[in-house]
Amino acid sequence: MAVPDALLVIIRHAPHSSNWLREGLDAALVAAAFGQPVHLLFMGQGIMALLKEQGSGAPGQKATLPTIDMLGMYDIEQLWVPEGTLKIMQLSTDSLVEGATLVADQEIPKLMQQHATILNF
C-alpha cells in the first residue's frame with residue numbers, strides 16, 4: 001500500500017476547468033524529481049484527467065494526458081481512483097488510463113493516514 005514518508009497529491013479538479021490539476025501534477029513531478037515517493041489520488045472531477053479519450057483545452061492550454069502518461073518516468077506509479085467516484089461519474093475502469101487503481105471509498109481515510117504529507121488540488 002502506501003509508504004509512510006510518501007507525498008499524497010489529491011487531484012479534485014477536471015483538466016480544463018482551472019489550473020488546479022496542472023499545479024497538482026507539477027507539484028507531484030517536482031517532488032518526485034527530488035526523490036520523494038509520490039502517490040496520486042483522483043477524486044471527483046479529477047478522475048477526468050485519467051480518461052483515455054480526452055479533448056484538448058482552450059487554445060494555448062496544454063493537454064493533460066501526455067503528463068499523465070509520463071508519470072511512470074518519475075516513479076509515480078500509484079494512481080488511485082475511489083470506486084464511488086467512478087460510479088457517480090458513470091465511468092468504467094476501461095475508460096481510464098492504464099495504471100489507474102480502484103480503491104474502496106471506506107479505505108480512503110486509511111490511505112490518507114499512511115502518508116506523511118497530503119496536498120490538495
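**Figure 1. T85 is buried, with a relative accessible area of 12%.** The model shown here and in the other views is predicted. T85 sits in helix α3, which spans residues 83-88. With residues up to four places away in sequence set aside, T85 touches M43, G44 and I47. Its 12% falls under the 20% limit for burial, so T85 counts as buried.

**Figure 2. An open, parallel sheet of 5 strands.** The strand order is β4-β3-β2-β1-β5, and the pairing is parallel. β4 (100-103) and β5 (117-120) are the edge strands. Each has a single partner strand, so one side of each lacks a neighbour in the sheet. From one strand to the next, the twist averages 25 degrees. Strands of a sheet pair through backbone hydrogen bonds, either parallel or antiparallel.

**Figure 3. Bridges between the strands.** β1 and β5 run parallel and are joined by 4 bridges. Within this pairing, V9 has L119 of β5 as its bridge partner. β1 and β2 also pair in the parallel sense, over 5 bridges. Here L8 is matched with H39 of β2. β2 and β3 are parallel too, with 3 bridges. On that side, the bridge partner of H39 is Q78 in β3. H39 thus has L8 as a bridge partner and Q78 as another.

**Figure 4. β2 is covered on both faces.** Of the 5 residues in β2, 5 are buried. V38, L40 and F42 lie on one side. H39 and L41 lie on the other. In a regular strand the side chains alternate between the two faces of the sheet.

**Figure 5. Helix α1 and the β-α-β unit.** β1, α1 and β2 form a right-handed β-α-β unit. α1 lies across β1, β2 and β5. The helix runs at about 165 degrees to β1.

**Figure 6. The largest nonpolar core has 26 residues.** V9, V38, L40, F42, L50, I68 and I76 touch the most other members. Five elements are listed as giving two or more residues: β1 (7-11), α1 (20-33), β2 (38-42), α2 (65-69) and β3 (78-82). α1 gives the most, with 6 residues. Another core, of 8 residues, lies apart from this one. Among its members are L8, I10, L41 and W80.

**Figure 7. Contacts of F42.** F42 is one of the core residues that touch the most other members. Neighbours within four places in sequence are left aside in this view. F42 is then in contact with I11, I47, A49, L50 and I68. Its contacts also include L79, W80, V81 and P82. F42 is buried, on the side of β2 that also holds V38 and L40.

**Figure 8. L21 is a buried residue of α1.** Its relative accessibility is 1%, so L21 counts as buried. Beyond neighbours within four places in sequence, L21 is in contact with I11, H13, A14, P15, A49 and T64. I11 and A49 are also contacts of F42. L21 and K87 are 66 residues apart in sequence. Their C-alpha atoms are 21 Å apart in space.

**Figure 9. W20 and F121 form an aromatic pair.** The structure holds 1 such pair. The geometry is tilted, at 6.2 Å centre to centre and 55 degrees between the planes. W20 lies in helix α1 and F121 in the segment after β5, so the pair ties together parts that are 101 residues apart in sequence. W20 is partly exposed, at 43% relative accessibility. F121 is buried, at 14%.

**Figure 10. Positive phi at D75 and Q90.** Most residues other than glycine have a negative phi, and most peptide bonds are trans. D75 has a positive phi, near 60 degrees, and is not a glycine. D75 is found in the loop between α2 and β3. At 61% relative accessibility, D75 counts as exposed. Q90, also a residue other than glycine, has a phi of about 55 degrees. Its place is in the loop between α3 and β4. Q90 is exposed, with a relative accessible area of 72%.

Definitions and conventions. Residues numbered from 1 in each chain as written. Predicted model: local features only at pLDDT ≥ 70, side-chain atom pairs only at ≥ 80, totals over all residues. Heavy atoms only, no water. Core = buried A, V, L, I, M, F, W, Y, C linked by side-chain atoms within 4.5 Å. Buried < 20%, exposed > 50% of the residue type's maximum accessible area, 1.4 Å probe, protein only. Contact = heavy atoms within 4.5 Å. Pairing = 2+ DSSP bridges. Axes fitted to C-alpha atoms, helices over the stretch in contact; angles between N-to-C directions. Right-handed = clockwise from strand over helix to strand, strands pointing away. Phe/Tyr/Trp six-rings, centres within 6.5 Å; stacked < 30°, edge-to-face > 60°.
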